[in-house]
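Subject: Handover of a structure and notes on its contents

Dear colleague,

Please find below the structure that I am handing over to you. My notes on it follow, and I would suggest reading them with the display open beside you.

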Amino acid sequence: MQEEIPNITELSQGDRNEALLRNSELGVILHDAYLTATNIDPRLDDVVIVPNDSGDNRIAFARHKENAASGRYEVHLRLNDLDKSLALQEDILKNVQGARELFAGILGIEPDQVTPQLLHVFSILHEFGHITEYMDNEGNEVELQRRMRREKAALPIGNTITSKLLDPSTLAHRTVIENWEQISAQHGVRSMGDLIEKQHGAYRGMTSEHTADMFAVDVFATNTQLVDQLNADIEAYRSYGRAA
């Protein structure tokens, strides 16, 4: 049973964010992770969490205040259809060679502890990490954007996220297939799996991605129960009311 949310106009932005998270699937964990994040960086209390329910397949993304309708930093989250979100994370763990080991190394845990639900929460915290970088670079946005564009252009397949390479319906995937001989020779890869592993590793090594990952790592290191919770039966955590 969901809690009754007070009149939204009476709440601070942080309280609104907490209410949204508590009433979402996996809400008890997301709420506690958010509180840990705001304790690490109190500026995040003013970030606007926007439910991403418009059919966008992205689980989470950060939006700079200059590009946001609210005029404030935003983190857009898909807070419903947890099963679909976990299936997308499972695809990454199954189909991106070395992904489980990569995330285990980042977090300092065993590969078998990297579950879809753990990667789901890590991905959400990662987006808050992007916001902290935006905040740290206020007044230096032009150079930040230049660096981000430069690093993305230098990736093996350019500015292409791993999920698009995994999806045969995307233009990125089809382009690779159509130009496979040239791409495989250029990058020294023998399979699409090899190429995706190389792209994914390079992507996570970019400055902004590393910064965002390290923020998520800080949250996990501070809130030490997260790994255990995200390796338990998540049914207990689907509803805040049942888990609280």
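I begin with helix α2, whose buried residues are G27, V28, I29, L30, H31, A33, Y34, T36, A37 and T38. Please bear in mind throughout that this is a predicted model.

**Helix α2 and what precedes it**

With ten of its 14 residues buried, α2 is mostly covered. The helix is made up of residues 27-40, and its length may be checked by a simple rule. At 1.5 Å a residue, a helix of 14 residues should span 20 Å, and the end C-alpha atoms of α2 are indeed 20 Å apart, so the two values agree.

Which residues, apart from those within four places in sequence, does E18 contact? They are H31, Y34 and L35. E18 itself belongs to helix α1, which comprises residues 13-22. Its relative accessibility is 16%, and because buried means under 20%, E18 counts as buried. The side chain of E18 also makes a polar contact with the side chain of H31, at 2.9 Å.

Between α1 and α2 there is a loop, and L26 is located in it. L26 has a relative accessibility of 0% and therefore counts as buried. The backbone of L26 deserves attention, as its phi is near 70°, a positive value in a residue other than glycine. Most residues other than glycine have a negative phi.

A positive phi is also found at D81, where the angle is near 55°; this residue, too, is other than glycine. D81 is part of the loop between β3 and α3 (82-95). At 41% relative accessibility, D81 counts as partly exposed.

**The sheet and helix α5**

In what order do the three strands of the open sheet lie? The order is β1-β3-β2, and the pairing is mixed. β1 (48-51) and β2 (60-63) are the edge strands, each of which pairs on one side only. From one strand to the next, the twist averages 20°.

Strands β2 and β3 run antiparallel and are joined by four bridges, β3 being residues 74-77. To follow this pairing on the display, you may start from F61, whose bridge partner in β3 is H76.

Helix α5 (residues 116-136) lies across β1, β2 and β3, and runs at about 10° to β2. Of its 21 residues, 20 are buried, so α5 is largely enclosed by the rest of the structure. The length rule applied to α2 may be used here as well: 21 residues at 1.5 Å each should span 30 Å, and the end C-alpha atoms of α5 are 30 Å apart, which agrees.

**Helix α10**

Helix α10 has 13 residues, numbered 192-204. The distance from its first C-alpha to its last is 18 Å, close to the 18 Å expected at 1.5 Å a residue. Its buried residues are M192, G193, L195, I196, Q199, H200, Y203 and R204. Why do they fall on the same side of α10? The reason is that they cover an arc of only 160° around the axis. The elements that cover these buried residues include α4 (99-107), α5, α7 (162-166), α8 (171-178), α9 (180-187) and α11 (207-222).

D194 is also in α10, but its relative accessibility is 25%, so D194 counts as partly exposed. Leaving aside neighbours within four places in sequence, D194 is in contact with Q97 and V189. D194 and V96 are 98 residues apart in sequence, while their C-alpha atoms are 8.6 Å apart in space.

**A loop residue, A232**

Finally, A232 may be found in the loop between α12 (226-229) and α13 (240-243). Is A232 buried or partly exposed? At 34% relative accessibility, A232 counts as partly exposed. Its contacts, apart from neighbours within four places in sequence, are with Q117 and Y237. A232 and A154 are separated by 78 residues in sequence and by 39 Å in space, C-alpha to C-alpha.

Yours sincerely

Methods. Residues are numbered from 1 along each chain as its sequence is written. This is a predicted model: local features need pLDDT of at least 70, side-chain atom pairs count only at pLDDT 80 or more; totals for chains, interfaces and linings use all residues. Side-chain values use heavy atoms; hydrogens and water are left out. Two strands pair if DSSP finds at least two bridges between them. Helices (H or I, at least four residues) and strands (E, at least two) are DSSP runs, numbered from the N terminus. Axes are lines fitted to C-alpha atoms, for helices over the stretch in contact, and angles run from 0 to 180 degrees between N-to-C directions. Contact means heavy atoms within 4.5 Å. The expected span of a helix is 1.5 Å times one less than its number of residues. Buried means under 20% relative accessible area, exposed over 50%, partly exposed in between (1.4 Å probe, protein chains only). The arc is that of the directions from the helix axis to the C-beta atoms. A polar contact is a pair of N or O atoms within 3.5 Å; within protein, one must be able to donate a hydrogen and the other to accept it, and residues adjacent in sequence count only if both atoms are side-chain atoms.
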